[in-house]
Amino acid sequence: MDWVTGIQRALDYTEEHLTEALDYESVAKQACSSAFHFQRMFSMLCGFSLGDYIRMRRLTQAAEALLGTGDKVIDIALRYGYDTPESFTRAFTRFHGITPTEARRGGTIKSFSRLSVKLILSGGSTMDYRIEKKDAFQVICKKKLVNKPQGETATADISAFWNECQKNGSIDAICKYGRFDHVNGILGICFSAEMADSGFPYGIGAEYNGAPLNGEALDIVEIPAYTYAVFSCKGKMPDAFIKTYRQICTEFFPQSNYEYGSGVELEVYPSAEVQDPNYTCEIWIAVREKQ
């Protein structure tokens, strides 16, 4: 299945199930993707999260039901995923600027139209990348559960985690147990295969050199063997990362013979000079060839 068809199938599935409890895994499967990668790609492409899209579409249809039917407000609220009239009224008022009662009396409402995918050729730009196969290896890291990708929310949480680890000495401790002869830098690790309802684990670490730990509160994690697409990222962080990742979603995956694999993403940072406009790091994404 090509990338455009997969995204459109996911959008169509979402529209068909707006009045049901939507499972993000089921939405992502329509695009042959994991929930983690689909939500992240969706946010990068659209500028808002999949959850925001579902919410705005439901509130749009709820307003249409208020105007076009005689259904009770509580019934419409339940149909579009709200447990009580109060929670529905709060969400409705935030989105439309008026209450459901005012909308039924003829007040002005907002409409958020459904998305559709169009293939737009633009170009001449190229992305430099390499394909690298890496055997299983161990990392020494500090892990934290961060929010699901919601626009830039995950990026903000991750940036705060880096600042915390820099200040509390965790990165210095990691460097004592790291080896830097192959992957040359401190790693940011998205454990995307471990996505949960509340978020996903993110680690800051390095390849483990095998030295015994001296009481530091660090994790040793086995990273399985993967094939990676490796991209160079240049500029101040995190803006350069966001820009490069958006290019990966919109240029590399639609045109290449690769798709997301299930597993991990690695960010390789060679130094702490992340505010240098000429800073260069790498993004490693586990991939597999398209079937």
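Okay, so when I say salt bridge today, I mean a side-chain nitrogen of Lys or Arg within 4 Å of a carboxyl oxygen of Asp or Glu. By that rule, this structure has eleven salt bridges. And keep in mind that we're looking at a predicted model.

Let me go through some of those pairs. One of them joins Glu-15 and Arg-57, at 2.8 Å from N to O. In sequence terms these two are 42 residues apart: Glu-15 belongs to helix H1, residues 3-16, while Arg-57 belongs to helix H4, residues 50-68. So, are Glu-15 and Arg-57 buried or exposed? Both Glu-15 and Arg-57 come out buried.

Compare that with Asp-71 and Arg-79, another salt bridge, where the closest N and O atoms sit 2.7 Å apart. Here Asp-71 has 28% relative accessibility, so Asp-71 goes down as partly exposed. Arg-79 is at 29%, so Arg-79 counts as partly exposed too.

Then there's Lys-176 with Glu-216, with 2.9 Å between the closest N and O atoms. That pair also links distant parts of the chain, 40 residues apart: Lys-176 is in helix H9, residues 170-176, and Glu-216 is in the loop between strand E5 (200-208) and strand E6 (219-223). Glu-216 has a relative accessible area of 22%, which makes Glu-216 partly exposed. And if you like networks, Arg-130, Glu-132 and Glu-282 are connected through salt bridges.

Okay, cysteines. How many disulfides does the structure hold? Zero disulfides. Take Cys-46: the nearest cysteine sulfur belongs to Cys-249, and that's 10 Å away. Cys-46 is partly exposed, at 29% relative accessible area. Now Cys-141: why is there no bond from its sulfur? Because the closest cysteine sulfur, in Cys-165, is 9.9 Å away, which is too far. Cys-141 itself is at 0% relative accessibility, so Cys-141 is buried.

Next up, helix H3, residues 35-46. Quick sanity check on the geometry: with twelve residues at 1.5 Å a residue, H3 should span 16 Å, and the end C-alpha atoms are indeed 16 Å apart, so the two agree. H3 is mostly covered, with ten of its twelve residues buried. Among the buried ones are Phe-36, Phe-38 and Phe-42, and also His-37 and Arg-40.

The backbone on either side of H3 is worth a look. Just after H3 you hit Gly-47, with a positive phi of about 85°. On the other side, Cys-32 sits in the loop between helix H2 (24-29) and H3. Cys-32 isn't a glycine, yet it has a positive phi of about 55°. Cys-32 is at 45% relative accessibility, so it's classed as partly exposed.

There's one more backbone feature to point out: the peptide bond from Met-237 to Pro-238 is cis, with omega near 0°. You'll find Pro-238 in the loop between strand E7 (226-234) and helix H10 (239-255). For context, most residues other than glycine have a negative phi, and most peptide bonds are trans.

Moving to strands, I'll focus on E8, residues 258-269. Eleven of the twelve residues in E8 are buried, so E8 is largely enclosed by the rest of the structure. Which strands pair with E8? Strand E4, residues 186-190, pairs with E8 in the antiparallel sense over five bridges. In that pairing, Cys-190 stands opposite Glu-265 in E8. Strand E9, residues 280-289, is also antiparallel to E8, over seven bridges. There, Leu-266 stands opposite Trp-284 in E9.

E8 also brings us to the last topic, the second largest pocket. Its volume is about 590 Å³. The lining has 24 residues, and those nearest the centre are Trp-162, Met-237, Tyr-269, Ser-271 and Val-274. Remember Met-237 from the cis peptide bond with Pro-238. Helix H8 (153-167), H9 and E8 each put at least two residues into the lining. Which element gives the largest share of that lining? That's H8, with six residues.

Terms used:
Residues numbered from 1 in each chain as written. Predicted model: local features only at pLDDT ≥ 70, side-chain atom pairs only at ≥ 80, totals over all residues. Heavy atoms only, no water. Helix = DSSP H or I, 4+ residues; strand = E, 2+ residues; numbered from the N terminus. Expected span 1.5 Å × (residues − 1). Buried < 20%, exposed > 50% of the residue type's maximum accessible area, 1.4 Å probe, protein only. Disulfide = S-S within 2.5 Å. Pairing = 2+ DSSP bridges. 1 Å grid on protein atoms, 1.4 Å probe; cavity = no way out; pocket = protein on both sides within 12 Å on 5 of 7 lines; lining within 4 Å. Points joined across faces, edges and corners; volume = space filled by probe spheres on them.
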